[in-house]
Amino acid sequence: MLIVLAGATGRTGRRLIPLLTAAGHATRALTRSEGPVPGAEAHRCDLAAADPGELDLAVAGADAVIWLAGPGGGAVEDAERLDNTGCCALVDACVRQGVRRFVLVTSKGTDAPGRAPEFLRPYLEIKAKAEAHLAGSGLDWSVLRPGGLTDSEPTGRVVLGEGLARGKVTRADVAAVVAELVGRHDQSGRALEVLDGELAPAEAFDAVTPSVNIVDFLFDLRRLGRVHLAVFGGSTGEAMAEAKVHFTDWQVSERYVNYFEGPELHFSRRTRWRLEFGEGPGRHSGKPEYWVMVRNERGEGVFRFGLLRPEGSEEHDPELVAAYRVFRDHYTQRQTPSAPGPR
């Protein structure tokens, strides 16, 4: 893959480039200064001031973008220009240029800036805005939130999860986690914290990768009834046949079939599947929607199940919504592994 790295000359970025090279990737390093970047193709670009055309050129032809840039503890205004405005502008360039994968490295605490010490709060709020923009971009995204960064020697062992206790992690170990994360599409749509721990990066991701038995899930979901099914890819003929035979009270959308070209899709108990639940105003209709997206082990959305409104109604049946939320809570708990504490 060709990977564009923002923040390539920082203390974590310098450690990441050799890992990307060792994994067979080419790196385009975005840098404000002239001169070479060891191990990478240097591309001059001031991320805090670049116009859309410059950013489009910076990411053109890339397979993925990694954001490690930061103002290095400068003024809040500098952080706003780089960590929010600059980052969001690079995300938008990826959308325009068709770059699908974006890995954003921020900081532990961005999920709840209000609980942070007052001097840190504005910086976390800025990073949180960039995270939210990325999450709404439609890209294949992942967010990594390191704890306190150190320049110690790498341990090769980390812990990943949500809501971890306070702790530290070496920059070298963060680089190793990012090198693993960029190719882990099964982590799409997730924000994970990282600290010093007990597992190698690949093992740590496996430990927090949720999985669902798709066969049992489909028949559990059938109990809801009145569901609209959109099939996005894979062996769509099999999927459509399965839906029409077993789920006769569902509407099956032909419109979204073959949305992407994917591997053969089979209802295997061995394949890792992940569920993403959501509720809120629909992007196009503006009306309340309740849905669950099923993602395969590559992180691709394969099925989308949405509740149907009664014919002629603007609102969903309250009993159906209540049943959906029970279903959501049940599977959310099953998908949330218990993360070990830091070492």
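User: In which sense do strand 11 and strand 12 pair, and over how many bridges?

Analyst: As a general idea, strands of a sheet pair through backbone hydrogen bonds, either parallel or antiparallel. In this predicted model, strand 11 (residues 227-231) pairs with strand 12 in the parallel sense, over three bridges. One can follow the pairing at A230, whose bridge partner in strand 12 is S253.

User: Which strand does strand 11 join in the antiparallel sense?

Analyst: Strand 11 and strand 15 run antiparallel and are joined by five bridges. A230 serves as a point of reference here too, as its bridge partner in strand 15 is R304. Strand 15 (residues 301-307) is mostly covered, with six of its seven residues buried. Strand 15 also pairs with strand 14 (residues 288-295), in the antiparallel sense and over five bridges. In that pairing, R295 stands opposite G301 of strand 15.

User: What is the strand order of the open sheet of five strands, and which are its edge strands?

Analyst: The order is 12-11-15-14-13, and the pairing is mixed. Strand 12 (251-253) and strand 13 (274-281) are the edge strands, each of which pairs on one side only. From one strand to the next, the twist averages 20 degrees.

User: How is the open sheet of eight strands arranged?

Analyst: Its order is 3-2-1-4-5-6-10-8, with mixed pairing. The edges are formed by strand 3 (41-44) and strand 8 (158-161), each pairing on one side only. On average, neighbouring strands of this sheet are turned by 20 degrees against each other, direction ignored. Within the sheet, strand 5 and strand 6 pair in the parallel sense over five bridges; for R101, the bridge partner in strand 6 is D140.

User: Which strands of this sheet does helix 1 touch?

Analyst: Helix 1 (residues 13-22) packs on the sheet and touches strand 1 (2-6), strand 2 (26-31) and strand 4 (64-67). The direction of helix 1 makes about 175 degrees with that of strand 1. Helix 5 (residues 171-181) lies across strand 4, strand 5, strand 6, strand 8 and strand 10 (190-196). Relative to strand 6, helix 5 runs at about 165 degrees.

User: Why are the buried residues of helix 4 on the same side?

Analyst: The general idea is that an α-helix has 3.6 residues a turn, so residues three or four places apart point the same way. Helix 4 (residues 121-135) has 15 residues and reaches 21 Å from its first C-alpha to its last, close to the 21 Å expected at 1.5 Å a residue. Its buried residues are L124, I126, K127, A130, E131 and L134. These residues lie on the same side of helix 4 because they cover an arc of only 155 degrees around the axis.

User: What do the buried residues of helix 4 pack against?

Analyst: They pack against helix 3 (76-97), strand 5 (101-105) and strand 6 (140-146).

User: How should the crossing of helix 2 and helix 3 be read?

Analyst: One reads the distance between the axes, the angle and the handedness in turn. The axes of helix 2 (residues 52-59) and helix 3 come within 9 Å and cross at roughly 65 degrees. The crossing of helix 2 past helix 3 is right-handed.

User: Which residues meet there?

Analyst: On the helix 2 side they are P52, L55, D56 and V59. On the helix 3 side they are A89, L90, A93, C94, R96 and Q97.

How values were computed
Residues numbered from 1 in each chain as written. Predicted model: local features only at pLDDT ≥ 70, side-chain atom pairs only at ≥ 80, totals over all residues. Heavy atoms only, no water. Pairing = 2+ DSSP bridges. Helix = DSSP H or I, 4+ residues; strand = E, 2+ residues; numbered from the N terminus. Axes fitted to C-alpha atoms, helices over the stretch in contact; angles between N-to-C directions. Expected span 1.5 Å × (residues − 1). Buried < 20%, exposed > 50% of the residue type's maximum accessible area, 1.4 Å probe, protein only. Arc of directions from axis to C-beta. Contact = heavy atoms within 4.5 Å. Left-handed = near helix turned anticlockwise from the far one by under 90°.
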